[in-house]
Structures are given as structure tokens and as C-alpha cells.
Amino acid sequence: MTISKLLKISAVFLTIGPFLGACKDGSSSAKVHSEGSIEFEASAVDPNNPMADLAPNKMIEKFKDHKIVYEMSAGMGLMNMSIVSDYSNKTVTQLIKLLNKKYAAITNSDEIQKERTSSKMKIQKTNETKVIAGYKCKKAMVSFEDNSHPGFDIFYTDEIELDKPNWSNGFGDIDGVLLEYQLKRYGLELRFTARKVAKSKVEESDFETPGDYKIISQKELEELFAGMQ
């Protein structure tokens with residue numbers, strides 16, 4: 001696998017970061033504590049896409065208080081990516097480790113809001129529900145004002161006590177934690193479906209930027225990808 005291909009797929013996942021948004025045991029009315037992890041199955045919507053074979057088959061989401069981190073790897077572990085959404089500081093930090101290169105790019109609230117307001121996505125909530133990973137989830141239908149993309153369904157739950165889980169993504173109108181959804185960036189569309197939720201201790205270090213990562217701007221990150229392709 002070439003470095004060019006790895007960078008292309010990492011660009012997809014890191015761009016997903018600012019738009020990312022999971023679902024408790026439906027047999028109990030008790031709420032889950034706002035700390036734990038969710039394992040998602042990840043798959044390319046179009047398996048014939050040339051980049052589909054580079055997509056990860058899972059994503060791990062860890063959450064605690066007002067923070068979420070999404071972790072993925074690709075290229076047989078040659079590339080690792082983490083996306084940290086921090087509601088308290090209104091930032092999204094994108095981390096990429098490619099071989100021996102390590103970079104971090106931080107997006108602030110103004111940049112996130114600008115991206116959200118430019119979105120053509122429309123969300124219509126419904127009364128339909130289904131259970132995913134043992135959690136009762138509500139259905140919403142997503143469409144696009146300019147018909148630039150086919151619509152799709154998403155599912156979310158209010159059975160996880162995670163405050164403002166969608167503040168930094170295109171699903172900001174959804175008042176619950178996303179369990180099933182899909183996103184398209186740079187020609188590759190992925191669908192994420194939660195398959196396991198665990199109540200577990202999450203370390204603060206999971207949300208921190210390691211000291212050996214070079215801080216660069218979002219523009220520099222995009223230029224890095226462009227220069228290596």
C-alpha cells in the first residue's frame with residue numbers, strides 16, 4: 001500500500017472528524033453514566049469504490065463528561081487517527097500518525113460553526129424506533145436541499161448521558177447520541193453502526209495531544225495530503 005493511498009484515506013477520516021456525532025440496555029429505564037466506550041462497525045456504502053478496501057472495519061468512540069474521542073486505523077496499522085471533540089473548549093483536534101510522522105490540527109468553534117451553517121443537510125425526525133446494540137433508538141431521515149446526494153436514515157438514543165454529543169457535527173439538531181449514521185468525504189462514503197457499548201473508565205490522557213505531535217493548521221494538514229498524493 002502506497003503512502004499516497006494512506007494519505008487519501010486519512011484525509012477522508014480526518015475530515016469526518018468535525019462532523020462526527022452511539023445507543024443502553026432497552027430493558028431498563030436507568031440511564032448510563034456519561035463515561036464509557038462504543039464500538040462501531042464501519043463499512044463503505046459502495047463496496048466498489050476504489051478506496052473501499054482502504055477503509056477501516058471499525059471505529060472506537062470513547063466518551064467522558066463533555067469530551068469524545070474517535071479512534072480508527074487503516075493500512076494494516078500503518079496509520080492511526082484520533083479525533084477529539086471537546087465541548088467545554090469548543091475545539092476539535094485531529095491527530096494523525098503515519099509511520100514515524102505525527103501531526104495534530106485544531107479546529108475552533110468559529111470554524112466549526114462556519115462549516116455547519118454551510119451544510120445543505122436537512123433532518124426530519126420521525127416516531128419510528130429500533131433497537132441497536134441493546135439500545136432503543138429513534139429514527140431521523142436525512143436529505144439535502146440541493147439534491148446533491150441521496151438521502152439516508154440515521155438512528156440516535158437518549159439513553160446515554162452525554163451532553164451536547166453533536167455540537168461539532170452536521171447532526172447538531174439531533175438531541176441524542178448517534179448510533180447509526182453515514183458520512184461522505186472526498187468521494188468515499190462510510191456507514192457506522194454501533195455493535196457494543198461498554199460502561200468503563202476512560203482516562204483523561206485519551207483526550208490529550210501527545211507532546212511529540214507537531215501542531216499544524218487545518219490548511220497545512222490539507223496541503224500535506226495534497227503534496228503527498
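Which strand is S37 found in? It sits in β1, the strand that covers residues 35-44. Before we go on, a word on the model: it is predicted, so local features need a pLDDT of at least 70 and side-chain atom pairs count only at pLDDT 80 or more, while totals for chains, interfaces and linings use all residues. Residues are numbered from 1 along each chain as its sequence is written, and side-chain values use heavy atoms, with hydrogens and water left out.

Let's step back and look at the whole chain. You'll find three helices and twelve strands in it; these are DSSP runs numbered from the N terminus, with H or I over at least four residues for a helix and E over at least two for a strand. Of the 229 residues, 47% are buried, meaning under 20% relative accessible area with a 1.4 Å probe and protein chains only.

Back to S37. Its relative accessible area is 19%, so S37 counts as buried. What does S37 touch, once neighbours within four places in sequence are set aside? Its contacts (heavy atoms within 4.5 Å) are E61, K62, F63, K196, V197, A198 and S200.

Now hop over to V84, which belongs to β4, residues 79-86. V84 is buried because its relative accessibility is 5%. Skipping residues up to four places away in sequence, V84 is in contact with I68, V69, T91, V92, T93, D206 and F207. V84 and E71 are 13 residues apart along the chain, and 8.9 Å separates their C-alpha atoms.

E71 turns up again in the second largest pocket. A pocket here is an open set of points on a 1 Å grid over the protein atoms alone, where a 1.4 Å probe fits, with protein on both sides within 12 Å along at least five of seven lines; lining residues have an atom within 4 Å of a point. This pocket has a volume of about 370 Å³, counted as the space filled by probe spheres set on the points. It is lined by 21 residues, and E71, M72, N80, M81 and S82 are the closest to its centre. At least two lining residues come from each of β2 (58-64), β3 (67-74), β4 and β5 (91-98).

Finally, look at β7 (residues 121-132) and β8 (residues 135-144). They run antiparallel and are joined by nine bridges; strands count as paired if DSSP finds at least two bridges between them. One of the pairings matches I123 with V142 in β8. Two residues lie between the strands of this hairpin, where A133 takes a positive phi near 55°.

How values were computed:
Buried < 20%, exposed > 50% of the residue type's maximum accessible area, 1.4 Å probe, protein only.
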